[in-house]
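Hi everyone, thanks for making room for me today. I'd like to walk you through one structure, and please stop me if anything is unclear.

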Amino acid sequence: MSAPYVELQVTSSFSFLRSGSQPDELMFQAKALGYDTIGLADWNTVAGVIRAHLAAREAGLRFLPGCRLALRDGSTLLAYPRNRAGWAGLCQLLTLGHHRGERDVFLLGWEDLITAAPDLLLILLPPEDLAAFPGHVESLLALPRQRTGEEEIRFLALTMFREPGDQARLHALAAFSAAQGLACVVTGDVLYHDARRHVLQDVVTAIREGCTVDALGDRRHVHADRHLKAPEEQARLFAAFPDARKHGVGVKKRVEFGE
């Protein structure tokens, strides 16, 4: 039986100082939890996909290689190649973004995505400042789509932050996306493979922020639940959004690239 959930927002240690787990740890944990398919989307890089691919093959998982793109206007997208052309386009985007910047600066705009967009499955992540969100949605919908066979859908991520008003926020996002012609998809925003790894996550976050762990304050991930959860648990947490969960599972059929 197919797992009732596919995790598409996973960050590994290849996102520098943003994760407390290696790609292989995430893959083996996913298998232990009952996943049959999982993606990896590190920040502005695909450097971790080789290790993830090898571990997923050993574990008997289908692995979807992707990337989290941080654009100049503050918008962020999960980008999954639908095919080989999509993989080539994603790699060209990453090369362009890193070439423009200096050191750890990544510079990429919506206009740069035009050529590659038809071969990418794109998932928009809502920003903390929702005032800029309508502009991000408009930019996403303006990108060209694949029109051979089934037209490519654009997605909006629904992620639970375990904060006051979470359910109201998720329902508002779902209603907004429906009005705009976007499909919602559930994501977990996974930062580490096991709940016990949250201690290391605090350490790498403090290093990234240039402070001590005690001084992290609001910059710490307060809820120590950014670990990979079982598909059944995610399905239970998002029971009010069955279509969004269904769309996530449907990504497996839309993304031909990966194994």
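I'll take the strands to begin with, then a loop and a pocket, and finish with a glutamine and an aspartate. One thing to keep in mind is that this is a predicted model.

Let's start with strand 4, residues 120-125. How many of the six residues of strand 4 are buried? Six of the six are, so this strand is largely enclosed by the rest of the structure. In a regular strand, side chains alternate between the two faces of the sheet. If you look at strand 4 that way, Leu 120, Leu 122 and Leu 124 lie on one side, with Leu 121, Ile 123 and Leu 125 on the other, so both faces are covered.

Now for the neighbours of strand 4. Strand 3, residues 76-81, pairs with strand 4 in the antiparallel sense, over six bridges. If you want a place to find that pairing on the screen, look for Pro 81, whose bridge partner in strand 4 is Leu 120. Strand 5 also pairs with strand 4, this time in the parallel sense and over two bridges. Here Ile 123 stands opposite Phe 155, and Leu 124 stands opposite Leu 156.

Moving on to strand 5 itself, which covers residues 155-158. Phe 155 and Ala 157 point one way, Leu 156 and Leu 158 point the other way, and all of them are buried. Strand 5 also runs parallel to strand 6, residues 183-186, and four bridges join the two. You can follow Leu 156 across to Cys 184, and Ala 157 across to Val 185. Strand 6 has buried residues on both sides too: Ala 183 and Val 185 point one way, while Cys 184 and Val 186 point the other.

Next, please turn to the loop between strand 1 (37-43) and helix 2 (49-59). I'd like to pick out Asn 44, Thr 45 and Val 46 there. Asn 44 has a phi near 55°, which is a positive value in a residue other than glycine. For context, most residues other than glycine have a negative phi. Asn 44 is also buried, at 10% relative accessibility.

Thr 45 is buried as well, with a relative accessible area of 16%. A polar atom of its side chain lies 3.0 Å from the backbone nitrogen of Ala 47. Setting aside residues up to four places away in sequence, Thr 45 touches Phe 14, Gly 66, Cys 67 and Leu 94.

What about Val 46: buried or exposed? Val 46 has 17% relative accessibility, and the cut-off for buried is under 20%, so it counts as buried. Beyond residues up to four places away in sequence, Val 46 touches Gly 66, Cys 67, Trp 87, Leu 90 and Leu 94. The C-alpha atoms of Val 46 and Phe 14 are 8.3 Å apart, with their positions 32 residues apart in sequence.

Asn 44 brings us to the second largest pocket, since it is among the residues nearest the pocket's centre, along with Phe 16, Arg 18, Trp 43 and Asp 104. The lining has 14 residues in total, and these divide into six nonpolar, four polar and four charged. The space in this pocket is about 350 Å³.

Now to Gln 234, which sits in helix 7, residues 231-237. Gln 234 is buried, with a relative accessible area of 5%. Which residues does Gln 234 contact, leaving aside neighbours within four places in sequence? They are Tyr 5, Glu 7, Tyr 35, Val 186, Thr 187, Gly 188, Lys 229 and Arg 245. With Tyr 5 there is a polar contact of 3.2 Å between the two side chains. Val 186 takes us back to strand 6, where its side chain points the same way as that of Cys 184.

Last stop: Asp 189, in the loop between strand 6 and helix 6 (198-209). Asp 189 has a positive phi, near 50°, and again this is a residue other than glycine. Asp 189 is buried, with a relative accessible area of 10%.

That's my tour, and I'm happy to take questions.

Methods
Residues are numbered from 1 along each chain as its sequence is written. This is a predicted model: local features need pLDDT of at least 70, side-chain atom pairs count only at pLDDT 80 or more; totals for chains, interfaces and linings use all residues. Side-chain values use heavy atoms; hydrogens and water are left out. On a 1 Å grid over the protein atoms alone, a cavity is a set of points where a 1.4 Å probe fits but cannot get out, and a pocket is an open set with protein on both sides within 12 Å along at least five of seven lines; lining residues have an atom within 4 Å of a point. Grid points are joined across faces, edges and corners, and a volume is the space filled by probe spheres set on the points. Ala, Val, Leu, Ile, Met, Phe, Trp, Tyr, Cys and Pro count as nonpolar, Asp, Glu, Lys and Arg as charged, and the others, Gly among them, as polar. Buried means under 20% relative accessible area, exposed over 50%, partly exposed in between (1.4 Å probe, protein chains only). Contact means heavy atoms within 4.5 Å. A polar contact is a pair of N or O atoms within 3.5 Å; within protein, one must be able to donate a hydrogen and the other to accept it, and residues adjacent in sequence count only if both atoms are side-chain atoms. Two strands pair if DSSP finds at least two bridges between them.
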